Structures are given as structure tokens and as C-alpha cells.
Amino acid sequence: MIPLLRALLLLGAMLLAATPLYAQPENQNDLPQLGDPNLGLMSADQEYRLGRSFLRSLRAQTPIMEDPLVQEYAEGLVYRLASFSDINEPDLAIVVIGSTDINAFAVPGGVIGLNAGLFLSAHSDDEMGSVIAHELGHVSQHHFARRYMESKKMSRTVLAAMLASIALAIAGNGQAGMAGIAATQAGAIQSQLAYSRSNEREADRVGMQTLARAGMDPSAMPRFFERMLEDQRFNGDPPEFLLTHPVTEARIADTRARARNLPHRDAHPTLHFELARARVQTRYSESVQHARGYFTGRLDKGGEVQRQAARYGLALTELRAENYHKARQAMSALSKEYPDQLWYDVGLVEIDLADGAYPAAIEQGRRVLDINPGDYATSVLISRAYLLNKKPEQAIPLLEPLLLQRPGVPLLWSLAADAWGTRGNAARAHRARAEKLFFTGQDQAAFQQMKYALEEAKDQFALHARFSARLDDMKRLAKEEF
């Protein structure tokens, strides 16, 4: 059996085997009664805490793509769709997995994972959105929670480790994922494939309705599925997406029929989609030469949006090759031709930062922030420039509001630790290192850093009390059971 499919079935088996399903007549399907009021569900708070526990374990085992611009694009698209979904007051955590395999996943508490490879395989925002809407369907219908609540209590450590192992397999490291599962729990494999297919169909239906309500093209879903199957026929090995989201001709026909009955518009890739795609393509191309060839070949293909993105990709390729002069020329030309497109101005900040021109990076970044105050990507880049330019006191005011908005982002805590440490604030530096470690699943190291922070803050009553409460909270979360 395919290792990843075995992994997914094993997770279902371990959750289902712990407590028997409700007794049913022998001639009935053994699907759980999703509408049964006697079947309890997790509370919203339980789902949230379980999801964040999973996310910490995921970050400990799986490479995360920490590109602020790609992150912002992904968050914008996910939240746009979530606002038209059946999720009430969505509080989501979106991560871009550093893998070129084509996949996505959703777990309780609104944790949405998108592989970088999804950007490369989708042809438009609508196709990208179709996968996201499908995953939001899993979240809104509480598919995992329904299965989990049929099982006995499982410790947070065991459950989150199993979930992270599944995600590791999804991200393309199947052997490591299977090893993680084997290490956390043993159990008999019971195929619940019919239940899985039922969930997939329901997520398709709900997701397509979300796409239509968001003004996107619901036919993008069957179109994306169909291309996946075609690629599998020609290439042999199925993409990870098809292993974790089994697609059949019947499922494609079903989604196509649903799309005909929903309002839709013609799908056209937006510039931001193409620019995000170019960033991913540049990062994961096998070589600079390969990236140059790819983007050069696209200069004469497609419309204005595709050509503009190809030029952006060539500028980023020169940046990757450390040809800073060529990169700056190409990015400056885009910035002058398209003054309303801030991605090119942010690109100039990236180039100056990489070239060691820190004052120029700061000046350019400040111009962007004047136009777009609080911009996440620009704030991160300027903070790095301030730190490298030995001006941590300038970085701290930029980082503090970001930490309030995004308290679970390890990258921000890492930058804050450098800023406070260089500034000589040892207590806050240790606390920031603790947060970075905790949010990447390194609990014991995080506790130790918090103890250092408490020692440094022993003469500051209010700060010591706050750090002590946070350490207690970390320890509670680390051993929590659901």
C-alpha cells in the first residue's frame, strides 16, 4: 500500500479504534451519523487549542516557507474565501509548507496548510482558491473533530505528533512521516475509505458554494482535479494531492455538474497570484540557469499580467544569483513603469538588504510604509535592515505591533530576540527566544529560556509576574489533553 495512504488510514484507525462506533444493523453502511445530536463535537475552544498544538508540532518537523509576501498573498486569499464560508468568526492560521509537492490540508481550529508546489501547479487564483475552499469545507464541517470525538481521550502530545507526522508525509517526506506515526502509536489499520470519500464530497460541495459566493469560478475545482488526473496518467506517480484527496472520474463529473448550477465568472489570473507564483518558482528552481530560462520563455507568452510577472521573476533570479546591479535595474524599471504596484518597491528593499546597502533599504522601505502603513513584508525587511545596521532601537517599534497582530509567528519572535538582545534587554530577549522555541515545538528549551527571562526580570515586579504567568501557560499547553 502507498506509504502516505497507509499513514492517513492509520490515523483514522487509531481514532476510530479507541472507542467502537455506534452499533448499526449489519446491512447498513458503517458511516458515522454526522447529524446525530447525541454525537458530541469539540467546542470551538477545544478545536482551536488542538489546532495550535498541531501547528507547533508541525513547525518542529516540517520546513515552513517564511516569505512575507507569499504569506500575505496566501492569507489574503484564504481570508477572502473564509469570509464567504460557513466558518463563524474565522480565526485562522495559514502556513506555506516548503515543499514543491502539490498538496494542502486543514486540521481543527482553522489551521490551513498550503504546499509551495500548489502555487506552481495552479493556473489562476480560482484554481488556487478551489483547493483552499475545499479545505475550508473540511474545517466548517468539523470532519476531523467528528471522528476524534468518537475516540477516548488522547494526550495532546500523542495526537499532535500524529497530526504533524501526517503533515510531514503530505509535505513530501513520507518515510519520516510514517516513522513519526509508528513512534507515537501502534494500532490496527481499519480502512474507513467510504467515510473519507463522503467527507471529500461534502468538502467539494461546501467549497464550491464558497467559491461562488466569493465571486470566484466554481468550475475551477473540476478543472484542477481533471488536470491532476491527466498529469498522473502521463507521469505515472500521482501527486501527493491525489493521495490525500482521492479523485475519481465520478467525483470530477459530480463537481462539474455542480459548477453548472452555480454562478461563476471567467477565471483570469491576477497579478498578485502571478507575482507570488514567480517568487515560489524562483526559490524552488533547481538552478539559477533553469529559473532564467523559465522566465525568459514566458516573456513572449500570455498577456500583460504574465509578462510583467516574468520580468519580476527575472529580477528575483538575478537577486538569487547575487547579481545585485542587474536585479536592481530590472526591479527599478518595473517600479517606474508600474508605480502603483508596491511589490516592486518591496523588491528594491530586498535587493538593497541582500547587497548590504542597509541605509538605502531602510529609506526605500520607509517610503513604502508611508504609502501602506504597517505593511507586514516591508516591516519585516526594514527590521532586518535596522538590526544589520546596528540600530535595534529602530527595529523594536516596528516589531512590537506585529507581535500583537501575529503572536504565533516564530520569525517575528526571532527578530525581536535579536533586537532586544542587541539593545541589552536580556529579560525580553530570553522571553522572545522562548516564544520562538515554543511555537516551533521545542518545549523544554522554551521553558529554560523563560527561566532565564525570570531570573533577569527578578527586580521588575510587573514584568516578572507576566513572564511567570506565561511560563505556567506554556507548561499547561504542553501537557494538555483534549
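This passage describes the salt bridges, nonpolar cores, helix packing and backbone outliers of a predicted model.

Salt bridges make a convenient starting point, and the model holds 27 of them. One of these joins R279 to D67, with 2.9 Å between the closest N and O atoms. The partners come from distant parts of the chain, 212 residues apart: R279 sits in helix 13 (residues 271–284), while D67 belongs to the loop between helix 2 (44–61) and helix 3 (68–82). Both R279 and D67 are buried.

A second salt bridge pairs E318 with R292, at an N to O distance of 2.8 Å. Because E318 lies in helix 15 (residues 304–320) and R292 in helix 14 (residues 288–298), the pair ties together parts that are 26 residues apart in sequence. The two partners fall into separate accessibility classes: E318, with a relative accessible area of 10%, is under the 20% limit and therefore buried, whereas R292 has a relative accessible area of 27% and is partly exposed.

K458 and E455 supply a further salt bridge, in which the closest N and O atoms are 3.0 Å apart. Here K458 has a relative accessibility of 52%, which is over 50%, so this residue counts as exposed. Its partner E455, at 47%, is partly exposed. Salt bridges also link R431, E435, R470, D473 and R476 into a network.

Turning to the nonpolar interior, the largest core comprises 95 residues, and L114, F119, M128 and Y312 are those with the most contacts inside it. The surroundings of F119 can be listed in full: leaving aside residues up to four places away in sequence, F119 touches V70, Y73, A74, V96, M128, F273, A276, R277 and V280. Apart from the largest core lies another, of 16 residues, among them F438, A446, L454 and M474. Such grouping fits a general pattern, since nonpolar side chains tend to be buried together in soluble globular proteins.

Two helix pairs illustrate the packing. Helix 22 (residues 426–438) and helix 24 (residues 461–478) have axes 12 Å apart and pack at an angle of about 15°. This angle is under 35 degrees, so helix 22 is roughly parallel to helix 24. Their crossing is left-handed. On the side of helix 22, the contact is made by A427, R428, R431, A434, E435 and F438, and on the side of helix 24 by L463, R466, F467, R470, M474 and L477. Several of these residues have already appeared: R431, E435 and R470 take part in the salt-bridge network, and F438 and M474 are among the residues of the 16-residue core.

In the other pair, the axes of helix 20 (residues 392–405) and helix 21 (residues 410–423) come within 9 Å and cross at roughly 145°. This crossing, too, is left-handed. Helix 20 contributes P392, E393, A395, I396, L399, E400, L402 and L403 to the contact, and helix 21 contributes L412, W413, L415, A416, A419, W420, T422 and R423.

Finally, the backbone deserves a look. Most residues other than glycine have a negative phi. E322, however, has a positive phi near 65°. This residue is placed in the loop between helix 15 and helix 16 (324–337) and, at 56% relative accessibility, counts as exposed. K390 likewise has a positive phi, of about 60°, although it is not a glycine. K390 occupies the loop between helix 19 (376–388) and helix 20, and its relative accessible area of 67% makes K390 exposed.

Methods
Residues numbered from 1 in each chain as written. Predicted model: local features only at pLDDT ≥ 70, side-chain atom pairs only at ≥ 80, totals over all residues. Heavy atoms only, no water. Salt bridge = Lys/Arg side-chain N within 4 Å of Asp/Glu carboxyl O. Helix = DSSP H or I, 4+ residues; strand = E, 2+ residues; numbered from the N terminus. Buried < 20%, exposed > 50% of the residue type's maximum accessible area, 1.4 Å probe, protein only. Core = buried A, V, L, I, M, F, W, Y, C linked by side-chain atoms within 4.5 Å. Contact = heavy atoms within 4.5 Å. Axes fitted to C-alpha atoms, helices over the stretch in contact; angles between N-to-C directions. Parallel < 35°, antiparallel > 145°, perpendicular 65-115°, else oblique. Left-handed = near helix turned anticlockwise from the far one by under 90°.
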